[in-house]
Amino acid sequence: AFCDRIEAVDDKVKAFLHYDRDAALDQARAIDKKRQSGASVGRLAGLPIAVKDILCAKGMPTTCASKMLETFVPPYDAHVIGRLREEDAVFLGRVNMDEFAMGSSTENSAVASTRNPWNTDCVPGGSSGGSAAAVAACEAPISLGTDTGGSIRQPASYCGIVGLKPTYGRVSRYGLIAFASSLDQIGPMARTVDDAALLLECIAGHDRHDATSANEPVPEYTKEITAPIKGLKVGIVPDHFGEGLDPEVESAVRASLDVLKDQGAELVEIDLPHKKYGIAAYYLVATAEASSNLARYDGVHYGFRAENFDGLIDMYCKTRGQGFGDEVKRRIMLGTFALSAGYRDAYYIKALQVRRLIKNDFDAAFATVDVICAPTAPTPAFKIGEKTDDPLSMYLSDIYTVSTNLAGICGLNVPCGFSKAGLPIGLQIQSPPFGETVAMRVGRAYQ
Ligand code: GLN
């Protein structure tokens, strides 16, 4: 059924970069056989999944929507891909994204712009726009995305689905092609919180291949999130409802807070005084790390190499000049500048200090509240092309999401309403490190 749906609508949605009906059906038949033989099957047995094209999967193209990795087929599985195989999920294919996960609209893909299924003139958000659109268009029941500064939550919000950025270290990053290693996390995208909980339960946990993966037990999320929310304290930051917030988003988010109150949660006003520096700190830390991580694409190790060149340095320059898109190059230049001698202390080190202040704000807030609720994005989905010539306005669509990654905490998007034009609006629920359960308990109040 999902294959039929992809074949019927993906011409319009353009979520998939790589789709193989026969391979998907072969996997499904093999799982049927396993079940019929009486062998035990995994928790995702037969469940089709769409995977963001940034997670290495043995034998499947993994391009990061970049010309640079156009021909790359990884010789190994990312940890999460291995977990999905063990749980007997069925891989439908690879879905679109902003090149190397840099962007907020999926327009930075070197291949195509994915469309928002609710209105195909609009973007699906980004960078996990393909993952969000595939689920919203019923081309897949669940998908995997990655979130460095909002790339799971913001597209989930624009497409009206559930998306969870887990705590840093909750899910192994082994085999996730790095953008900004201290911020990147893999997470589930789904139509309900229950589905996201099941997928998280299957992919979370310690992995010896990722030194930053946490050795914390994985709760039985699917059971624990059913607890009622009565008595929970929900933090609200008055500044979140200030300048730049679309009035329709504001009223949907405010109305959604009443739903929590009706179920017995208590709303508490809190302050996050350094939040306003989030975007500035994020775009320094993320670009600095990206400039270092992307140094590996040199025309020697992976995929693309320019055809005509004159010596080694010229080969590097031409390969990187032709292989990377404009946004990736912009970020490599910004990050290289922020790390360079003479500027490092003023920009990169300063951003790290601000990052610590932001983290301290959250620690103080979570001493008094269980979760913090806010809009996920300042506006509903915008029109394709509307922000492509104005990177700064594109960066501002991450204003509510980036501090979650800077602080390493957990953030969940749940749909909470629609604009008059019929575009989804999302509520963000932030919770303390390893507080996925409480975030999902609150998110479930809307199910
Ligand atoms: N939109 C943000 C950026 O462009 C976040 C991207 C992400 O989370 N991968 O960096």
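I started with the ligand shell, whose residues divide into four nonpolar, seven polar and two charged. Nonpolar here means Ala, Val, Leu, Ile, Met, Phe, Trp, Tyr, Cys and Pro; Asp, Glu, Lys and Arg are charged, and the others, Gly among them, are polar. A residue is near the ligand if its C-beta atom, placed from the backbone, lies within 6 Å of it. Of the 13 residues around the ligand, I noted Ala-101, Ser-104, Thr-148, Gly-149 and Ser-151 as those that come nearest.

The model is predicted: local features need pLDDT of at least 70 and side-chain atom pairs 80 or more, while totals for chains, interfaces and linings use all residues. Residues are numbered from 1 along each chain as its sequence is written.

Next I looked up the sheet. I found 11 strands in an open, mixed sheet, ordered β1-β3-β2-β4-β6-β5-β10-β11-β9-β7-β8. Because β1 (16-19) and β8 (266-269) stand at the edges with a single partner strand each, one side of each has no neighbour in the sheet. The twist averages 30 degrees from one strand to the next, with axes fitted to C-alpha atoms and angles from 0 to 180 degrees between N-to-C directions. Strands are DSSP E runs of at least two residues, helices H or I runs of at least four, numbered from the N terminus; two strands pair if DSSP finds at least two bridges between them. I then checked β4 (residues 142-147) and β6 (residues 185-190), which run antiparallel and are joined by six bridges. Ser-143 stands opposite Met-189 in β6.

Last, I located Gly-42 in the loop between α2 (21-36) and β2 (48-52). The C-alpha atoms of Gly-42 and Ile-6 are separated by 25 Å.
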